[in-house]
2 protein chains.
Amino acid sequence: MLRSEVKQAQQRAAAMFAEAGITITAEEQAGIEVAGFGLDRLETEGLELITYVNTDRYCAKELVLFPRQTCPEHIHPPIAGEPGKMETFRCRWGKVFLYVEGAPTEQIAAVVPAASSAYYTVFHEVSLSPGEQYTIAPGTKHWFQAGDEGSIVSEFSSTSRDEFDIFTDPNIERMPVITEDEA
Amino acid sequence: MLRSEVKQAQQRAAAMFAEAGITITAEEQAGIEVAGFGLDRLETEGLELITYVNTDRYCAKELVLFPRQTCPEHIHPPIAGEPGKMETFRCRWGKVFLYVEGAPTEQIAAVVPAASSAYYTVFHEVSLSPGEQYTIAPGTKHWFQAGDEGSIVSEFSSTSRDEFDIFTDPNIERMPVITEDEA
């Protein structure tokens, strides 16, 4: 992803934090992680996030999704004898549609990203409005998409080790690679 | 504490959540924990909180302090071979003054509660405004007080086991006892 694209996404996420009344520091804003998953279509498949804290015991992040932006399907595997990451999503602003393993919802509210629809395989819908939350059990495949206005979600979890996440889409690279714009 | 006092404190905390733009559910509002620490002076020494999630791996709470209300000094001991609770405080609204072990701050911003001043023994000040945060290492004595407008603080932590907290003030009972109002 180009540096300029990263900066633009950071500014857009920062504006959403401001609208939601969530204060972040200037340093946090400058460090907003823009995850494009190596797919080069950030608008449809991507995620913006701030990791507030990640220790060997717990982790807390704030996730930002642009309108209809999707975080692709993935699973958190067990690491070094510990069960996979356990996550609680608490919707703070906007609306988010979360999909987990289980009985598929007949008419889902999300629009499956067309470019990679084969890599979305779980369709049990959990719809979260502000103040609502859901805990994803370790070892559960999941993906999520914001509603039409975007969404901000607090993620409370066990220790985060994003680099070990397993995505259903084999084309995905989780860790962002930023390329400098040409002069 | 009387049921009526609990309800009043819950309503006051709920109004602060609304002012801060933090959405909670009706069920969460009805369940706001009002901790008076058995001291019968909630206005000066007390804490209101919602536990969003508390699993065997992590915990997340939202803490509310009324103006100048103080959460008394305590420590989280090791439990069953695990180190004591580790906590990250992130100020969301208002201002909070946190005191931990370390070089005492010369002029602290908090007012030590007069009725129990002997039980406040650590004075290394960490002042937190919205967007600022601090992680309290396990086994560190700490206490905190809101500024003049009160404060809302997100607490991200390892598993919470409040019943084992050790307070410096021997008169404190952590777990609330609610008495029904007389008819």
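**Pockets, chain contact and salt bridges in a predicted two-chain model**

Strand 5 (87-100) of chain A and strand 5 of chain B each contribute at least two residues to the lining of the largest pocket. The structure described here is a predicted model. The largest share of that lining, three residues, is drawn from strand 5 of chain B. In total, 17 residues line the largest pocket, and A:G21, A:I22, B:A20, B:G21 and B:I22 are the ones that lie nearest its centre. The space within the largest pocket amounts to about 220 Å³. Sorted by class, its lining comprises eight nonpolar, six polar and three charged residues.

The second largest pocket holds about 190 Å³ of space. Its lining consists of 13 residues, with A:M1, A:G38, A:L39, A:D40 and A:V177 lying nearest the centre. Seven of the lining residues of the second largest pocket are nonpolar, two are polar and four are charged.

The contact between the two chains was examined next. Chain B and chain A each provide 32 residues to the contact. The size of an interface is often expressed as the accessible area lost when the parts come together. By this criterion, chain B and chain A bury about 2300 Å² between them, with 49% of the buried area on carbon and sulfur atoms. Within chain B, the residues that lose the most area to chain A are B:R57, B:Y58 and B:R92, which together account for 31% of what that side buries.

Polar and charged interactions across the interface were also identified. Six salt bridges are found across the interface of chain B and chain A. A salt bridge joins the side chains of A:E28 and B:R90, with an N to O distance of 2.7 Å. Across the interface of chain B and chain A, 18 residue pairs are in polar contact, both residues of each pair being at pLDDT 80 or more. On the side of chain B that touches chain A, at least two residues are supplied by each of strand 2 (47-54), strand 3 (59-65), strand 5 (87-100), strand 7 (133-136) and strand 8 (142-157) of chain B. Strand 5 of chain B gives the largest share of this side, four residues. By class, the side of chain B that touches chain A is made up of twelve nonpolar, twelve polar and eight charged residues.

Over all chains, a search of the whole structure yields 22 salt bridges. In chain A, A:R3 and A:E180 form a salt bridge in which the closest N and O atoms are 2.6 Å apart. This pair links distant parts of the chain, since A:R3 belongs to helix 1 (residues 3-20) of chain A and A:E180 to the segment after strand 9 (166-167) of chain A, 177 residues apart.

In chain B, B:I75 is located in strand 4 (residues 70-75). Apart from its neighbours within four places in sequence, B:I75 is in contact with B:E101, B:G139, B:T140, B:K141, B:D165 and B:I166. B:I75 is separated from B:Q8 by 67 residues in sequence and by 29 Å in space, C-alpha to C-alpha.

How values were computed: Residues numbered from 1 in each chain as written. Chains lettered and ligands numbered in written order. Predicted model: local features only at pLDDT ≥ 70, side-chain atom pairs only at ≥ 80, totals over all residues. Heavy atoms only, no water. Contact = heavy atoms within 4.5 Å. Buried area = accessible area lost by both parts, 1.4 Å probe. Salt bridge = Lys/Arg side-chain N within 4 Å of Asp/Glu carboxyl O. Polar contact = N/O pair within 3.5 Å; in protein donor to acceptor, adjacent residues only side chain to side chain. Nonpolar A, V, L, I, M, F, W, Y, C, P; charged D, E, K, R; others polar. 1 Å grid on protein atoms, 1.4 Å probe; cavity = no way out; pocket = protein on both sides within 12 Å on 5 of 7 lines; lining within 4 Å. Points joined across faces, edges and corners; volume = space filled by probe spheres on them.
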